[in-house]
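Please open the model in your viewer and keep the selection panel at hand. The tour moves from one selection to the next and says what is found at each.

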Amino acid sequence: MTITEATPPHHSTSPFPKVREKMGRRFAYGFLILSIAPILVGYSWLVIATFSIRTEGLLPRNAEGGIGGFTLSNWAFITDDAVWNAMLNSFLIAVTMVIGVGVASTAGGYALSRMKFAGRKVFLTGTLVLHAFKAEMLLIAIFFVLRWLGGIPLIGGFIGFNSVGGVALVMIALELPLGIWLMKGFFDNLPWDMERAALIDGASRFRVWWQIMLPQVRPGLAALSLFTFISGWNAYLVPFTFTVGTRVANMPVFLSQLISDTAPTNWNLVAAVGMFQMIPLIIFFIFTQELLLNIYAGGSKGT
Amino acid sequence: MRVELDNLSKAWDGVVGADRITLEVADGEMVAFLGPSGCGKTTTLLMVAGIYRPTGGTISFDGRVVNEVAPKDRGIGMVFQSYALYPHMTVFGNISYPLRLKRLEKGEIRKRVEQVADMMGIGDLLDRRIAQLSGGQQQRVSLGRALVKEPQLLLFDEPLSNLDARLRLAMRGEIKRLQNDLGITSIYVTHDQVEAMTMADKIAVMSKGVLQAYDIPEALYDRPKTLFVAGFVGNPPMNFFDVEVMLLGGEFHAKNESLDLIVPDDRAAKAAAKEGRVVMGVRPEDVDVADDSSPRVEGLTLSAKVEVVEPLGREDLLGVVVGGVNVRLLVDKTKRAKPGDLVDLVFNMDNVQFFDPETEESLLWA
């Protein structure tokens, strides 16, 4: 048995190579299905719950306790301005983060990869150490920083405590160590000669970065943008801590406000809002999964 | 453009890349920097290009010191081993990039790009993407990009090393012809001494950051000034023996425990002037296997056992052992030597070289 396993398929001594192959594939699929089953069940439950009055496990129940009870009432919140406001806030936070992290990471990653300057090593290790800190540990300090930022005339209202800009700023800062290291890695892989050629061709250092190097790291930048968007879209702890009330609440915070300590929670409504929050991400993922897989599998693509 | 390097040096935290390189490239000349990898030839080239900042010495173009001039203002074009093309642009985009940076008018750019592309034989590839090209085509694009801005100085950094052997041969001739036709002063970095010999007007042999010799190819081959040059220039490399040169019965003999050969007076006299042992160099083509047409000659012949036979087509490269020293020689393949054969070696001592074993400098051409 073990001997035939070790030999390549076309040298197989087994009298039933096709059967063996089929068995192996079945086993692989079985294993995969088994391992994603909990997630599948969870999502099915979520979808069923949003269209039901109440559920027992995966089974929707009507008022009499029988199977059934289909309803759209859980989705009535769609006409509510508050949910659209939260959606907009989520979107603003995520997009601001994508732009901020993208610009700072590509510029910083390039500088760290290619330039010699005082404090480069300290900065590199420093960002790594910073990345090791959990956001929770920094919340109180960040609160004071945000309050101080809020006091700045003119722009304070956009980047201080209880503002979408403030939340985005904090989230950008937390995302940057990963972003800078990721982009530095991509720049490290680019040949020096290409850059030298551009310098000799007459480009300035900035132009080399913008016109020659950036196009080569586009796959990396795309991946980073995706990660950043998702982490901004799902951000909970930071917006929850640094916003008050519903005006600047994003979707996750809005969702949490539906769960009350004092009144009974309508879990089917929570499921529906949660589902609603996921829809943009699902659409997003469908269109970008190939790119994501490429980046996970092979690093850079197309260079 | 005349290029002068004066005591040009580059060091990183005490690691020396190039050590006081001094040489002059005349206008329109093609000079090769030749040496093994890590010898400082590319470092020197990148200093000429303005990519590396020298830590000592000066670079002058036509008498003007350019140490502090940015690469883009030096009027140079450069071709890289890796081609260093911009993969996100088309062939046209690549070749036109230097002109677009100069903000030339669109029609003028197209005219000049097409002219260069036709000259390089890639006129029909202008709309292709770089990834769709073969290595040879990519190197033509790279050459075209370097030429399109009509540089005063062309720099080549091992441009043919990534090509297969046949293409390398063709491109070698093409680059040489182009450089000749255009008359652009060129510096060509290579580790391949055949490339250097065939293409360059003069060769700068480098080793460990130091310029070993700077001369025309024939002089490097016939009159090597150092042991390193003698061993590096020429393929297969020169054979070396530790010998003592002495006057015996009116004739000069190069002698050690396993050989005793008669050396022509003019060369031997200089070697004999040196006390003790010297290094004797004999090129592979100056050793032959004796047969009826080249009989044993007393004083120029010794016996050896054939260890290796490498057929090169036109001739055979033999590896034999003489007194514990491996000796390589080129013989006519009709001699049909086989490993294990005992043969008589006939030495032609007219081109023999002698070196000082301590200073490694030539005793003949110092």
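Begin by selecting B:Arg110, which at 38% relative accessibility counts as partly exposed, a class that lies between buried (under 20% relative accessible area) and exposed (over 50%), computed with a 1.4 Å probe on protein chains only. This is a predicted model, in which local features need pLDDT of at least 70 and side-chain atom pairs count only at pLDDT 80 or more, while totals for chains, interfaces and linings use all residues. Residues are numbered from 1 along each chain as its sequence is written, chains are lettered from A and ligands numbered from 1 in the order in which they are written, and side-chain values use heavy atoms, with hydrogens and water left out.

Add B:Glu114 to the selection: B:Glu114 forms a salt bridge with B:Arg110, the closest N and O atoms being 2.9 Å apart, where a salt bridge is a side-chain nitrogen of Lys or Arg within 4 Å of a carboxyl oxygen of Asp or Glu. Side chains of opposite charge can pair when their charged atoms come close. Both B:Glu114 and B:Arg110 lie in helix 3 of chain B, four residues apart, about one turn of the helix; helices (H or I, at least four residues) and strands (E, at least two) are DSSP runs numbered from the N terminus. B:Glu114, at 33% relative accessibility, counts as partly exposed.

Stay on helix 3 (residues 106-120) of chain B, and select B:Arg112 and B:Glu108, which are also four residues apart in that helix, about one turn. They form a salt bridge whose closest N and O atoms are 3.9 Å apart. Which of its two ends is buried? B:Arg112 is buried, with a relative accessible area of 13%, whereas B:Glu108 counts as partly exposed at 26% relative accessibility. Extend the selection to B:Lys111 and B:Glu150, and you will have a network of salt bridges that links B:Glu108, B:Lys111, B:Arg112 and B:Glu150.

Next, select B:Glu158 and B:Lys41, a salt bridge with the closest N and O atoms 3.5 Å apart, in which both residues are buried. B:Glu158 lies in the loop between strand 7 (153-157) and helix 5 (165-182) of chain B and B:Lys41 in helix 1 (residues 41-49) of chain B, so the pair ties together parts that are 117 residues apart in sequence. Over all chains, the structure holds 23 salt bridges.

Now show both chains and turn to the interface between them, where the contact (heavy atoms within 4.5 Å) takes 15 residues from chain A and 23 residues from chain B. Chain A and chain B bury about 1800 Å² between them, 61% of it on carbon and sulfur atoms; buried area here is the accessible area (1.4 Å probe) that two parts lose on being put together, summed over both. To see where chain A contributes, select A:Arg196, A:Ile200 and A:Asp201, which supply 39% of the area that chain A buries against chain B, more than any other three residues.

A:Arg196 lies in helix 8 of chain A and is buried, with a relative accessible area of 13%. Leaving aside neighbours within four places in sequence, A:Arg196 is in contact with B:Leu46, B:Ile51, B:Tyr52 and B:Phe80. For A:Asp201, add B:Lys149, with which A:Asp201 forms a salt bridge, the closest N and O atoms being 3.4 Å apart; the rule finds two salt bridges across this interface. On the chain A side, helix 8 (192-201) and helix 9 (205-216) each supply at least two of the residues that touch chain B, and the largest share, eight residues, comes from helix 8 of chain A.

Finally, color chain A by domain: domain 1 (17-71) and domain 2 (80-298), with bounds that come from an automatic or database domain assignment. The contact between these domains takes nine residues from domain 1 of chain A and five residues from domain 2 of chain A, and the C-alpha centres of the two lie 34 Å apart. Domain 1 and domain 2 of chain A bury about 520 Å² between them, 71% of it on carbon and sulfur atoms, and the rule finds zero salt bridges across their interface. End the tour on helix 2 of chain A, the source of the largest share, five residues, of the side of domain 1 that touches domain 2.
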